[in-house]
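Work through the exercises below with the sequence and the model at hand. Each task is followed by a solution in steps.

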Amino acid sequence: MTQQAVGWALHALEPDEEMAVLLHLPHCASCRAAVAEAESVLSALGGVVAAAEPPPALRDRLMSAVAQTEQRPVPAPRVEQPEPTPVPVPSYPSDGRRHRLDEEDRAGRRPSWLSSRGRKLVAASLAVVAVLSVGGLAVRATQLEQQRDAESAQAEGLSELIARLDEPGTKHAMLAGADNTMVAAVLLDSGERQVYSLGLEANPHDHTYVLWGIKPDAAPVPLGTFDVATADQGSRPVGAAPQTEDFAQYAISIEPGREAPSSPTEVVASGQVEV
């Protein structure tokens, strides 16, 4: 993953690869160091290469090399082809009939399987199908736009989080769900506790998320509540964080109502504190 991290610093990855690196960087100090080193090298390279004028003899050598290089032949001019013979247009009866199905039968009656009323119904059905198709495409376009906004917000939140992880005196905890996918992070810095939502689903209006501090052999302590809206993948302060805060683990639960209970009901993510 170190090579991909360097590629990320060089902006040389595909969007899915960039997202994979962004999700990996908060967990890996060595890859973050590789990114920082690559960015430092790029900055240094911009200042060490001095601008220089090519020597006058260089143009003469280039022109000489071009003259000695075998040239491709010029394509022969295109020969105009004779105009095609027009296809004769079939003649139709003067009463407007264009198909044998429109012809009257021997008794002089029109075919009854598709009457004027039937044609109107078919046309109306096709119009309804067209409207539904356009409506479906519009809904799908809206869903794709919302998905793109959510992914952009997640990438922006991850970039901000990665930039703060290596700041001196910062403690953090990466919180993963039941499937071991990282969905949130807690950052402690200068007496402030920030919760980054990196994949938490939007909570219903009659529910709230609760952040818990956990010490060994002690009951979880509710630290504060917060909400997550659709495409809201940024950070938010949750409660005050004293300098002496020494929880070994954090957890997030989803709770009915708008207040934190005395103990978590449904834990959706948890993780160890790292320095």
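**Exercise 1.** Decide whether His-172 is buried or exposed in this predicted model, and list its contacts beyond its neighbours within four places in sequence.

*Solution.*
1. Find the residue: His-172 belongs to strand 1, which covers residues 171–176.
2. Take its relative accessible area, which is 5%.
3. Compare with the cut-off: buried means under 20% relative accessible area. His-172 is therefore buried.
4. Leave out the neighbours within four places in sequence; His-172 then has contacts with Pro-26, Leu-165, Val-186, Leu-187, Gln-272, Val-273 and Glu-274.

**Exercise 2.** Determine how many disulfides the model holds, and explain why Cys-28 and Cys-31 are or are not bonded.

*Solution.*
1. Recall what is sought: a disulfide is a covalent bond between the sulfur atoms of two cysteines.
2. For Cys-28, the closest cysteine sulfur is in Cys-31, at 3.5 Å.
3. The cut-off for a disulfide is 2.5 Å between the sulfur atoms. The sulfur atoms of Cys-28 and Cys-31 are not bonded because 3.5 Å is too far.
4. Starting from Cys-31 leads back to Cys-28 as the closest partner, again at 3.5 Å.
5. The count of disulfides is zero.
6. As for their surroundings, Cys-28 is buried at 14% relative accessibility, and Cys-31 is buried at 2%.

**Exercise 3.** Identify the salt bridges, and say where in the chain their partners lie.

*Solution.*
1. Start from the principle that side chains of opposite charge can pair when their charged atoms come close.
2. The structure has two salt bridges.
3. One joins Asp-246 to Lys-215, with 3.1 Å between the closest N and O atoms. Asp-246 sits in the loop between strand 6 (235–240) and strand 7 (249–256), while Lys-215 sits in the loop between strand 4 (207–214) and strand 5 (221–226). The two residues are 31 residues apart, so this pair links distant parts of the chain.
4. Asp-246 is partly exposed at 48%, and Lys-215 is partly exposed at 34%.
5. Another joins Arg-258 to Asp-227, at 2.6 Å from N to O. Arg-258 is in the loop between strand 7 and strand 8 (266–274), and Asp-227 is in the loop between strand 5 and strand 6, so parts 31 residues apart in sequence are tied together.
6. Arg-258 is partly exposed at 43%, and Asp-227 is partly exposed at 35%.

**Exercise 4.** Describe the largest nonpolar core and state which elements supply it.

*Solution.*
1. The largest nonpolar core has 22 residues. Trp-8, Leu-25, Leu-161 and Leu-198 have the most contacts inside it.
2. At least two residues of this core come from each of helix 1 (2–9), helix 2 (15–24), helix 3, helix 5 (116–165) and strand 2 (182–189).
3. Helix 5 gives the most, with four residues.
4. A second, separate core has 20 residues, among them Ala-184, Val-195, Tyr-209 and Val-238.

**Exercise 5.** Find which residues make the nonpolar surface patch of about 340 Å², and place Leu-45.

*Solution.*
1. The patch of about 340 Å² is made by Leu-10, Val-41, Leu-42 and Leu-45.
2. Leu-45 lies in helix 3, residues 29–48.
3. Its relative accessible area is 47%, so Leu-45 is partly exposed.
4. Set this beside the general rule: in soluble globular proteins, nonpolar side chains tend to be buried together.

Methods
Residues are numbered from 1 along each chain as its sequence is written. This is a predicted model: local features need pLDDT of at least 70, side-chain atom pairs count only at pLDDT 80 or more; totals for chains, interfaces and linings use all residues. Side-chain values use heavy atoms; hydrogens and water are left out. Patches are made of residues with over 30% relative accessible area and no salt bridge: like charges are joined within 9 Å, nonpolar side chains (Val, Leu, Ile, Met, Phe, Trp, Tyr) within 5 Å. Accessible areas come from the Shrake-Rupley method with a 1.4 Å probe; for residues, only the protein chains shown count as cover. A salt bridge is a side-chain nitrogen of Lys or Arg within 4 Å of a carboxyl oxygen of Asp or Glu. Buried means under 20% relative accessible area, exposed over 50%, partly exposed in between (1.4 Å probe, protein chains only). A nonpolar core is a set of buried Ala, Val, Leu, Ile, Met, Phe, Trp, Tyr and Cys residues joined through side-chain atoms within 4.5 Å. Contact means heavy atoms within 4.5 Å.
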